[in-house]
Amino acid sequence: MRKYIFWLAFMAVAVSAAAQQVPSPEQFLGYPLGSRFTPHYQVVNYCKAVAAARPDMVKTEKYGETYEHRELMVAYVGLPAQLQQLEEIRLNNLRMAGRLKDKAADTTGLPAVVWLSYNVHGNEPSSSEAAMQTLYALVNPDNKQTKQWLEHTLVVIDPCLNPDGRDRYVNWFNSMVGKRYNANPEAREHDEPWPGGRSNHYNFDLNRDWAWQTQQESQYRVTLYNRWLPQVHVDFHEQGYNDPYYFAPAAEPFHEAITPWQRDFQVLIGRNNASYFDREGWLYFTHERFDLFYPSYGDTYPMYNGSIGMTFEQGGHSRGGLAVVKRDGDTLTLTDRVAHHYTTGLSTIEVSAGQHKKLLSEFKRFFDNGNAGKNAVYKTYVLTANTPGQLAGVKKLLQLHGIQYGVLNNKTFRGWNYFTGKDESFKDEGVHLAISAYQPQGNMLKVLFEPVSALSDSVTYDITAWSIPYVYNVKGYAVKERLAVENTPPATDTAFKPVNSAYGLLIPYNSLTGAKVLASLLSNKVKVRFSRLPFSFKGREYARGTLIVLKGGNIPEWNTVTNNVCRRFNLQPEAVETGFVDKGADFGSSDIGFIHAPKVAVLTGEQTSSLGAGEVWGFFDQVLDYPVTLLNAADLADINLKHIDVLILPDGYYRALNDKEVNNKLKTFVREGGKIIAMEGAVSKLADGEWGIKSKEEEEKEGDKKDDYANLRKFSNRERDWMPNAIPGAIFKVEMDDTHPLAYGYGSDYYTLKQDPTVYNFLKDGWNVGVLKKESYVSGFVGSKLKPKIKDGLVFGVQDMGRGSVVYLADDPLFRHFWEGGKLLFSNAVFLVGQ
């Protein structure tokens, strides 16, 4: 018995000793970091191996998976005492943020949470390598310095935010590189092919998706992030290989919601980073290029959630490879890139440890100020629409951000009307939701709903306007009065009631929900009609576009399938027992259109924008759940179009359209009944050809004087000289012809995000469905020379050609999938136009 006890004790000591032997990345991978790129699964396996070796200091958690089923994982790193109270640290963060009120928050006794996010752009791969080195340094028993920092910090490491993109790049590079790398920047290993590894599976830029969460990876990640709400967040990136390292403090403009403390802490981090870089003689820059304004980045989104958000940018990007010769003749290696990211990561932890009490107290103050409505110009926001479905998307977004909303009992008030730009009395369109600024998420609310973006500097890195009423195209009021909002979420849309009819069903069509229902019905072989005119039936008014499902000529189970589809999307149909309406077109009229289920294809690959093509692909695959065929644009001359009804040309430059024969082929396709939907750059390309659409040419106004000194410019102003001709992303009001099928479900106005100043002449032989008139600007930065020119032109139009049609979408209605108001417009282009 004694021998058995002794053996157990011996084994326990042996296991404990083995657990302390943390493998270095080189020991685990079999090669030094920087000598090759590590595939994602090995990055994950290394983190798990470290957690297995030191379970008292490291815990890994799978928080989701990518579209290609790769694991999304974080590692929590702390001293043993901290890891034992991991859940208490998390809950305390929520208490400080006002999201949990079970007891008072502790702002002194717990560590600050530092969250390090790596490789959101897949072809910026050095950061995942640095993540492994950082993890090892924190756990390595020989590193006494990191243990001191961990006394006051809990570190969360997400080693790869975009595994699909990373592996796309790594697998390509490994297939291109030889026995020895080639540092010549013109070598093929530095020339990544379309679509590159930057984006995710659907070619979305995940670094612009934090606030909107349109992609699966973002939804999983931000859900976990909001369960923790860390005090510090760093997003590790790469930029052009000729650029030195960038770290905070950020450039102007800073959004006014960012606090002085947040700005000051960025300076602390910057100075500490600089001290390490100075010691090694490494070059860097700060205060330039990367601003803190657009709310959906990995630095701004944390900022608006009380954290210290920062972007760190290492030179390298997709063209860096394992080594590349820079413009100055120096050679930048992957080993260098890893060392730089590793250094700034540890530097951030060091400063956070020294400032942990201040970080916690200021974090709590941020949310306390939100709860008190401090600095809130508008105290209440109210949105209103005709049907609950039109507000469903807004509710979902608010829930994602933990923003409380409710309803009003007293609707007698005045506010700034987003759609008219005037202070007016509230008009209830039928349903509404109200949001009070007096809540912990008051700062995020302000950022998302501000009617006009307050820019402190015109040089910005991204779009400059995103106010929710315009994004969702729903009427809204910003109210300076604090209204009494019942902060229990409004009841979900009226419970669905299945309806039976021996004749037919009517389905409202005024939101994206209606488009989803239509797509699903067509996929299920249900025959669907739609009304081209308003009509009334049994005293109820029905708008243009109302979907009509009739028994005659339909599938046997038409009633059951229609109810099941409508139940799935919570859209209530109405039963009709006759085709004889009270007013308008009877259901047998020629004003009732029949919707053929279209066979849809989209051009992709070289010659198209990967982001633009990805938006279309993702919309069909993930939003509509409707089949779409991907075709290579470069093969356009050889593609057989006979089995396609709708051909979508997303944004791109389309060299193929320089070929006269290709243009003739496409025109024949349209004349024989096909439909082309051209978007953004594709519209411009068609305008260069003989398609009947032309870009609007602005002539110099009579009386304008030529400035003889216009070419005398200062070199120091070179970055700003282009701003008078810039439009990084601003909102304009488009006047819609709501009698045309392209505009069904909309009123007379639509709000578009313009990133291109081009407008087109009104179509002489077509339908000018969406146009800009005078005074159409709403919000966001537009260069002084461009603003007066963006008027009196076409944005959305339809041109009939033979038995087919061409749809022109000069602005992107699917922009990053967060521009919700445009999704119904695009659906109309696919399903309704030309039917």
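## A covered strand and its neighbours

Tyr-76 sits across from Val-156 of strand 4 in this predicted model. That pairing is a handy place to start, since it belongs to the contact between strand 2 (residues 71–77) and strand 4, where three bridges join two antiparallel strands. Strand 3 (residues 112–118) also pairs with strand 4, this time in parallel and through six bridges. Within that second pairing, Ala-112 has Thr-153 as its bridge partner. As background, strands of a sheet pair through backbone hydrogen bonds, in either a parallel or an antiparallel way.

Strand 4 itself covers residues 153–158, and six of its six residues are buried. In a regular strand, side chains alternate between the two faces of the sheet. Here Thr-153, Val-155 and Ile-157 point one way, while Leu-154, Val-156 and Asp-158 point the other way, and all of them are buried.

## The whole protein

Let's step back to the full chain. The protein holds 22 helices and 36 strands. Its radius of gyration is 29 Å, close to the 28 Å that the globule rule gives for 835 residues, so the protein is as compact as a globular protein of that length. The C-alpha trace spans about 95 × 65 × 60 Å along the principal axes.

Buried residues make up 58% of the 835 residues. The accessible surface comes to about 34300 Å², and 49% of that belongs to carbon and sulfur atoms. If you like contact maps, here is a number for you: among contacts with a separation of 6 or more, 78% are between residues 24 or more positions apart.

## A five-stranded open sheet

Another sheet worth a look is an open one of five strands, in the order 16-15-18-13-17, with antiparallel pairing. Strand 16 (422–425) and strand 17 (431–436) stand at the edges; each has a single partner strand, so one side of each is left without a neighbour in the sheet. From one strand to the next, the twist averages 35 degrees. Inside this sheet, strand 13 (residues 380–385) and strand 18 (residues 475–479) run antiparallel and are joined by five bridges. One of the facing pairs puts Thr-380 opposite Val-479 of strand 18.

Which helices lie across strand 13 and strand 17? Helix 14 (residues 389–400) does, running at about 20 degrees to strand 17. Helix 15 (residues 442–449) lies across these two strands as well, and runs at about 50 degrees to strand 13.

## Cysteines without disulfides

How many disulfides does the model contain? The count comes to zero. Take Cys-47 as an example: the closest cysteine sulfur is that of Cys-160, 10 Å away, which is too far for a bond, because a disulfide needs the two sulfur atoms within 2.5 Å.

Are Cys-47 and Cys-566 buried or exposed? Cys-47 counts as buried, at 2% relative accessibility. Cys-566 is buried too, at 0% relative accessibility.

## A buried serine in a loop

Ser-199 belongs to the loop between helix 8 (163–176) and helix 9 (216–228). With a relative accessible area of 3%, Ser-199 is buried, because the cut-off for that label is under 20%. What does Ser-199 touch, leaving aside its neighbours within four places in sequence? Its contacts are Asn-162, Gly-165, Arg-168, Phe-204 and Asp-205.

## Backbone details to check

Most residues other than glycine have a negative phi, and most peptide bonds are trans. Some places in this model depart from that pattern, as follows. The peptide bond from Ala-248 to Pro-249 is cis, with omega near 15 degrees, and Pro-249 lies in the loop between strand 6 (245–246) and strand 7 (251–254). Another cis peptide bond joins Glu-252 and Pro-253, with omega about 5 degrees; Pro-253 is in strand 7.

Positive phi values turn up as well. Arg-289, which is not a glycine, has a phi of about 70 degrees. Arg-289 is in the loop between strand 8 (284–285) and strand 9 (291–292) and is partly exposed, at 37% relative accessible area. Lys-525 also has a positive phi, near 70 degrees. Lys-525 lies in the loop between helix 17 (512–523) and strand 21 (528–531), and its relative accessible area of 63% makes it exposed.

Key. Residues numbered from 1 in each chain as written. Predicted model: local features only at pLDDT ≥ 70, side-chain atom pairs only at ≥ 80, totals over all residues. Heavy atoms only, no water. Buried < 20%, exposed > 50% of the residue type's maximum accessible area, 1.4 Å probe, protein only. Pairing = 2+ DSSP bridges. Helix = DSSP H or I, 4+ residues; strand = E, 2+ residues; numbered from the N terminus. Axes fitted to C-alpha atoms, helices over the stretch in contact; angles between N-to-C directions. Contact = heavy atoms within 4.5 Å. Rg over C-alpha atoms; globule rule 2.2 N^0.38 Å. Areas by Shrake-Rupley, 256 points an atom, 1.4 Å probe, with all protein chains shown as cover.
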